[in-house]
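Trainee: I'd like to go through this structure with you. Could you take my questions one at a time?

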Amino acid sequence: MLSTDQILEAMSGQGLRITDQRKTLAKLFGENTGYLSAKDVYEHMGRKYSGLSFDTVYRNLRIMEELGVLEQVVFEEGVKFKGSCNQDHHHHHMICLQCMKTYPINFCPMNLTDTPDQFRVVKHKFEVFGYCKDCEQNREEEIALAAHGKEGR
């Protein structure tokens with residue numbers, strides 16, 4: 001994951017003015033390993049900056065994603081953002097739907113696609129969603145307990 005300083009460096013390297021709000025955003029993603037919705041970020045920022053608009057937060061999230069310092073993932077409940085990986089090679093992720101832990105996929109499945117000649121790929125995303133071993137075990141235990149509870153009625 002990129003550090004706060006690496007995020008700020010990338011932003012200033014692209015000519016963005018580094019405001020106090022952008023420093024706070026960089027720190028939030030540089031220190032948080034999880035996924036945050038725009039609403040989560042807005043609420044965090046609103047505690048420090050009264051009068052800050054949701055549009056301003058969302059615009060900055062989009063800018064940071066376009067710069068490559070944030071990754072955007074579409075979950076069933078909506079779009080979430082996370083600090084980009086610190087790895088210098090192209091890869092994708094498997095994401096646990098329970099704890100949000102990510103696991104790298106160290107090859108690109110895009111190479112396996114049969115892209116038609118009349119189509120030029122400019123960007124792609126590939127995420128696999130499921131449950132890590134710990135969360136899957138917890139889910140199975142909860143299901144077993146729920147089933148056992150129904151039997152006792």
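Trainee: Let's start with rings. Which residues do ring pairs link into a cluster?

Mentor: Bear in mind that this is a predicted model. In it, Tyr42, Phe54, Tyr58 and Phe81 are linked into a cluster by ring pairs.

Trainee: And how many aromatic pairs does the structure hold?

Mentor: The structure holds five aromatic pairs. One of them joins Tyr58 and Phe81, whose ring centres are 6.3 Å apart and whose planes stand at 80 degrees, so this pair is edge-to-face. Because Tyr58 belongs to helix H4 and Phe81 to strand E3 (residues 78-83), the pair ties together parts that are 23 residues apart in sequence.

Trainee: Is Phe81 buried or exposed? And what about Tyr58, at 24% relative accessibility?

Mentor: Phe81 counts as buried, since its relative accessibility is 0%. Tyr58, at 24%, counts as partly exposed.

Trainee: Why is the pair of Phe75 and Phe129 edge-to-face?

Mentor: The rings of Phe75 and Phe129 have centres 5.5 Å apart and planes at 65 degrees, and over 60 degrees counts as edge-to-face. With Phe75 in strand E2 and Phe129 in strand E6 (residues 127-130), this pair ties together parts that are 54 residues apart in sequence. Phe75 is buried at 5% relative accessibility, whereas Phe129, with a relative accessible area of 34%, is partly exposed.

Trainee: Back to the cluster for a moment: where does Tyr42 lie, and what does it touch beyond four places in sequence?

Mentor: Tyr42 lies in helix H3, and at 31% relative accessibility it counts as partly exposed. Once residues up to four places away in sequence are set aside, Tyr42 touches Leu52, Ser53, Phe54 and Val57. As for distance along the chain, Tyr42 and Thr4 are 38 residues apart, and their C-alpha atoms are separated by 18 Å.

Trainee: Moving to the interior, how many residues are in the largest nonpolar core?

Mentor: The largest nonpolar core has 20 residues, and those with the most contacts inside it are Ile7, Leu25, Phe29, Val41, Leu61, Met64 and Leu70. Helix H1 (4-13), helix H2 (20-31), helix H3 (38-46) and helix H4 (54-67) each supply at least two residues of this core. H2 gives the most, with four residues.

Trainee: Is there a general reason why nonpolar side chains tend to be buried together?

Mentor: I can only give you the tendency, which is that nonpolar side chains tend to be buried together in soluble globular proteins.

Trainee: OK. Which residues is Leu25 in contact with, leaving aside its neighbours within four places?

Mentor: On that basis, Leu25 is in contact with Val41, Met45, Asn60, Leu61 and Met64. Apart from the largest core lies another core, of five residues, including Tyr35, Phe75, Ile95 and Met100.

Trainee: Leu25 also turned up in my cavity notes. Which residues line the largest cavity?

Mentor: The largest cavity is lined by Gln21, Arg22, Leu25, Met45, Leu52, Thr56, Val57 and Asn60, and about 40 Å³ of space lies in it. H2 and H4 each supply at least two residues of that lining, which divides into four nonpolar, three polar and one charged.

Trainee: What about the largest pocket: how much space lies in it, and which residues lie nearest its centre?

Mentor: About 530 Å³ of space lies in the largest pocket. Its lining consists of 22 residues, of which Glu71, Ser84, His90, His91 and His124 lie nearest the centre.

Trainee: Which element gives the most to that lining?

Mentor: That is E2, with four residues. H4, strand E2 (70-75) and strand E4 (92-96) each supply at least two residues of the lining of the largest pocket. By residue type, the lining of this pocket divides into six nonpolar, ten polar and six charged.

Trainee: Last one, on the loops: where is Asn111 found, and is it buried or exposed?

Mentor: Asn111 is found in the loop between strand E5 (102-105) and E6. Its relative accessible area is 65%, so Asn111 is exposed. Asn111 and Gly149 are 38 residues apart along the chain, and their C-alpha atoms are separated by 49 Å.

Methods:
Residues are numbered from 1 along each chain as its sequence is written. This is a predicted model: local features need pLDDT of at least 70, side-chain atom pairs count only at pLDDT 80 or more; totals for chains, interfaces and linings use all residues. Side-chain values use heavy atoms; hydrogens and water are left out. A nonpolar core is a set of buried Ala, Val, Leu, Ile, Met, Phe, Trp, Tyr and Cys residues joined through side-chain atoms within 4.5 Å. Buried means under 20% relative accessible area, exposed over 50%, partly exposed in between (1.4 Å probe, protein chains only). Contact means heavy atoms within 4.5 Å. On a 1 Å grid over the protein atoms alone, a cavity is a set of points where a 1.4 Å probe fits but cannot get out, and a pocket is an open set with protein on both sides within 12 Å along at least five of seven lines; lining residues have an atom within 4 Å of a point. Grid points are joined across faces, edges and corners, and a volume is the space filled by probe spheres set on the points. Ala, Val, Leu, Ile, Met, Phe, Trp, Tyr, Cys and Pro count as nonpolar, Asp, Glu, Lys and Arg as charged, and the others, Gly among them, as polar. Rings of Phe, Tyr and Trp (its six-membered ring) pair if their centres lie within 6.5 Å; planes under 30 degrees apart count as stacked, over 60 as edge-to-face and the rest as tilted.
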